[in-house]
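These are my notebook entries on a structure that I looked through element by element. I set down what I looked up and what I found.

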Amino acid sequence: MNHLPLIIKREYLNKVRNRSFIVMTFLSPMIMIALIAVVAYLSQINNDKQRTISILDETGVVGEIFENADHTTYTLINDAGLETAKELVRAKGDFGLLYIMKSPDTLNLVESINFYSDDSPSVSIISGLERRIEKRLSDLKLQNEGVDIEQIRASKTKVAIAQETFSGEKTSKIDSYLKLAFGGAAGYLLFMFIIIYGNMIMRSVIEEKTSRIIEVIISSVKPIQLMMGKIIGTSLAGVTQFVIWIILGGVLLFVVSAIFGIDLMQIQSPQQDMINQAMAESDAQNIAQDLITGFVNLPILNLCIAFLFFFLGGYLLYSSLYAAIGAAVDNETDTQQFMMPIIMPLVLAVYVGVFTVIEDPHGTISTVFSFIPLTSPVVMLMRIPFGVPIWQQLLSFALLVCTFIFTVWFAAKIYRVGILMYGKKPTYKELWKWLKY
Amino acid sequence: MNNLLVANSVSKNFGNFKALNNISIEVPKGSIFGLLGPNGAGKTTLIRIINQITMPDSGEIILDGSPLKPHNIKDIGYLPEERGLYKSMKVGEQALYLAQLKGLSKQEAKERLTYWFDKLDIGDWWNKKIQELSKGQAQKIQFVVTVLHRPKLLIFDEPFSGFDPINASLIKDEILQLRDEGATVIFSTHRMESVEEMCDHIALIHKSNKVLDGKLTDIKRQFKTNTFEVGFQSSNPEEFTQLIKEKFDVFPATFKNLNDDIKMNIKLPQEISSNDLLNFLTSRAEIHHFVEVIPSANDIFIQTVKNN
């Protein structure tokens with residue numbers, strides 16, 4: 001008799017109707033969006049702050065280059081000593097005073113510039129000031145040598161290397177970032193999914209043990225059916241939650257940014273910096289085009305199919321291990337010793353993905369880790385956007401399937417014995433013995 | 001075929017531990033079969049093998065004439081000793097789920113549940129969660145779920161634990177009624193008075209071996225020691241008692257009796273019948289009480305376990 005659909009249905013409904021599950025489903029995106037909104041709002045306030053910097057320039061050659069910018073006003077102080085200028089600046093409540101001391105050699109000011117302020121200024125302010133002064137001084141030096149600055153400016157050239165594979169596909173740097181984003185997102189999604197819903201499966205197994213219903217159930221169904229039903233039911237609940245999160249998150253993000261008029265894209269993140277840099281380097285006109293070709297160039301079909309299979313394989317592999325752990329112990333506190341061997345390869349996979357795949361998607365380390373079954377789902381998903389030969393994907397997937405079958409067999413053994421064991425915390429040695437029962 | 005269930009030399013090892021050693025039992029159709037034994041003797045392992053939860057290393061189980069197969073799950077109702085229900089699930093939903101796992105259709109399950117809930121007067125629990133019920137109440141649900149699919153074979157492991165005396169006797173009556181309707185019952189318990197009351201047949205497992213097996217009355221006959229409990233009055237009690245002690249083995253006896261009798265247990269050697277004893281006594285004393293001492297299930301249990 002096949003009870004699998006019945007078990008899946010119960011597990012699914014039980015999870016979905018659970019109060020804390022519902023609360024989490026609807027609250028998390030709200031909390032996330034609220035956090036993003038707060039951060040965006042705060043950084044906006046920060047940016048909007050007007051500050052005035054006074055400049056006391058005794059050399060008379062530097063001060064004039066400072067033009068008022070969006071949030072910073074520069075005022076020149078003339079004919080005053082340093083002490084008077086300081087008094088003046090403090091009385092006005094200015095942000096700070098830039099003091100350029102007169103020196104015999106006008107162009108060698110390296111050690112005669114000071115900045116005075118109440119609060120220590122941020123790195124960006126100081127480096128901004130330094131950059132301007134450096135540029136002015138080197139211009140002046142060049143002029144002194146009799147070089148025409150205009151000529152130098154005119155001689156500046158810009159190079160954009162057009163990338164193309166031997167098979168004729170055009171690529172660009174934007175392309176690489178796009179691939180990185182897709183691969184990273186896929187790998188990370190799998191990682192999160194395994195951790196969240198693997199744990200949920202484990203808890204649900206433990207619950208059946210502690211409520212002592214397990215023996216009643218397995219006098220009606222085979223343990224492996226119960227285990228698979230649990231894994232599938234919980235995963236479906238997980239997918240439901242994920243979909244709701246994405247939809248709700250998207251809607252909320254849209255609503256919040258519309259209401260508050262906050263440009264959420266203003267939030268700077270390291271990745272965005274990279275993209276901005278890439279964009280700055282290529283011609284503005286080409287960016288849109290690059291993005292589109294980049295997107296088209298992504299092995300979309302391959303990516304989708306591989307995502308489906310590696311996600312499924314990886315998730316089932318890990319979740320069966322989680323189920324086995326749940327069966328082996330009596331309560332959640334005892335799970336720690338068995339969690340390590342599961343978490344380690346997962347974390348390793350994400351690290352390998354983040355550090356080596358970005359550097360060199362087809363290097364030895366990335367390639368090897370995309371074959372080892374415990375890390376392959378995450379690493380391979382990150383590699384695929386960069387174009388992985390089909391034979392590699394198939395081999396890796398075949399290895400994954402073999403391991404998956406083995407772990408499910410292994411987990412089912414542990415599960416079958418473990419669910420009827422009460423009262424003692426098992427050791428690895430005992431788990432090994434269970435395999436032979 | 002008068003046996004519903006036959007176990008043929010079933011053995012099971014867990015690693016180096018021998019849980020069952022060559023156990024054979026025969027459970028007659030329509031009987032209540034007591035599966036007895038001290039803690040850790042192997043009863044639960046045998047029950048789990050019958051339920052196909054564990055597979056035997058060797059030996060086979062025959063149910064109703066043919067070897068046990070996965071589809072036989074629906075023919076067996078099992079109430080394990082370690083039992084429970086999903087705490088956060090509603091009573092009705094849960095009972096439906098468990099009944100469907102036993103192969104009932106949803107409609108069938110619903111009808112039978114309504115019947116049982118009415119019978120046990122628990123209809124208004126349908127929408128309650130298990131965690132809102134008391135332990136005894138949850139046990140009632142558990143009992144209903146066990147018998148709902150009308151299995152040929154019912155296995156109860158300590159069915160009365162957690163019940164108050166009223167509910168325990170209610171459940172006992174239900175079990176007897178199910179037996180009368182044709183079900184065969186395997187009954188595992190440490191409460192010897194319920195064995196005495198309910199079981200027709202028993203098997204005693206001790207240290208993974210079957211040490212005793214058969215009809216309860218046969219076993220009792222086998223265990224009786226030809227001892228008689230007597231109470232009498234005599235004109236010369238001391239002399240008479242002395243005389244009896246010379247002729248037979250005598251043990252002190254305690255029983256309630258209206259007269260101020262001399263009470264004793266007299267064990268007869270094989271060649272002397274109860275009539276001989278009675279004749280010997282009636283000629284010298286006035287007999288008020290003469291009963292053969294029948295060993296209780298409790299005595300048999302303790303004696304057998306100690307001797308092994």
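**Entry 1. Positive phi angles in chain B**

In which loop of chain B is the place of Ser208(B)? I located Ser208(B) in the loop between β9 (201–206) and β10 (209–215) of chain B. I note at the outset that the model is a predicted one.

I looked up Ser208(B) for its backbone: its phi is positive, about 70°, although the residue is not a glycine. Most residues other than glycine have a negative phi. I then asked whether Ser208(B) is buried or exposed. Ser208(B) counts as buried because it has 21 C-beta neighbours inside 10 Å, and the cut-off for buried is 20 or more.

I found a positive phi of about 60° at Gln52(B), which is not a glycine either. Gln52(B) sits in the loop between α1 (43–50) and β4 (58–63) of chain B. With 18 other C-beta atoms within 10 Å, Gln52(B) is partly exposed.

**Entry 2. The open sheet of chain B**

I traced an open sheet of 6 strands in chain B, in the order β6-β7-β8-β3-β9-β10, and recorded its pairing as mixed. Its edge strands are β6 (76–79) and β10 of chain B, each of which pairs on one side only. I noted an average twist of 15° from one strand to the next.

Within this sheet I looked at one pair of strands. Strand β7 (residues 153–157) and strand β8 (residues 184–188) of chain B run parallel and are joined by 5 bridges. Phe156(B) has Phe187(B) in β8(B) as its bridge partner.

I also asked which strands α4(B) lies across. The answer is β6 and β7 of chain B, and the helix runs at about 160° to β6(B).

**Entry 3. Domains of chain B and the pairing around β13(B)**

From the domain assignment of chain B I copied domain 1 (3–90 + 133–221) and domain 2 (225–292). The centres of these two domains of chain B, taken over C-alpha atoms, are 42 Å apart.

I next turned to strand β13 (residues 262–267) of chain B, which pairs with strand β11 (residues 227–233) of chain B in the antiparallel sense over 6 bridges. Lys263(B) in β13(B) stands opposite Gly231(B). Strand β12 (residues 249–252) of chain B also pairs with β13(B) in the antiparallel sense, over 4 bridges. There, Asn265(B) in β13(B) is the bridge partner of Phe251(B).

**Entry 4. Helix α2 of chain B and the contact with chain A**

I listed the buried residues of helix α2 (residues 91–101) of chain B: Val91(B), Gln94(B), Ala95(B), Tyr97(B), Leu98(B), Ala99(B) and Leu101(B). Against what do they pack? I found α1 and α7 of chain A, together with α3 (106–119) and α4 (135–147) of chain B. After α2(B) comes Gly103(B), with a positive phi near 100°.

I then looked up the contact between the chains as a whole. It brings 17 residues of chain A together with 21 residues of chain B. On the side of chain A that touches chain B, the elements giving two or more residues are α1 (4–17) and α7 (214–218) of chain A. By class, I recorded 7 nonpolar, 5 polar and 5 charged residues on that side of chain A.

**Entry 5. Chain A and the nonpolar cores**

Chain A has 16 helices and 6 strands. Of its 437 residues, 30% are buried. Among the chain A contacts between residues at least 6 apart in sequence, I noted that 74% join residues at least 24 apart.

The largest nonpolar core has 131 residues, and those with the most contacts inside it include Ala323(A), Ala411(A), Tyr415(A), Ile155(B) and Val185(B). Helix α6 (residues 173–210) of chain A gives the most to this core, with 15 residues. Another core, of 10 residues, lies apart from it; among them are Leu56(A), Phe95(A), Leu98(A) and Leu129(A).

I followed Ala411(A) further: leaving out residues up to four places away in sequence, it touches Met227(A), Ser320(A), Leu321(A), Ala323(A) and Ala324(A).

Finally, I looked up Lys135(A) in helix α4 (residues 123–144) of chain A. Lys135(A) is exposed, with 11 other C-beta atoms within 10 Å. From Lys135(A) to Glu207(A) I recorded 72 residues in sequence and 69 Å in space, C-alpha to C-alpha.

How values were computed. Residues numbered from 1 in each chain as written. Chains lettered and ligands numbered in written order. Predicted model: local features only at pLDDT ≥ 70, side-chain atom pairs only at ≥ 80, totals over all residues. Core = buried A, V, L, I, M, F, W, Y, C linked by C-beta atoms within 7 Å. Buried ≥ 20, exposed ≤ 12 C-beta atoms within 10 Å, placed from the backbone. Contact = placed C-beta atoms within 7 Å. Nonpolar A, V, L, I, M, F, W, Y, C, P; charged D, E, K, R; others polar. Pairing = 2+ DSSP bridges. Domains from an automatic or database assignment. Axes fitted to C-alpha atoms, helices over the stretch in contact; angles between N-to-C directions.
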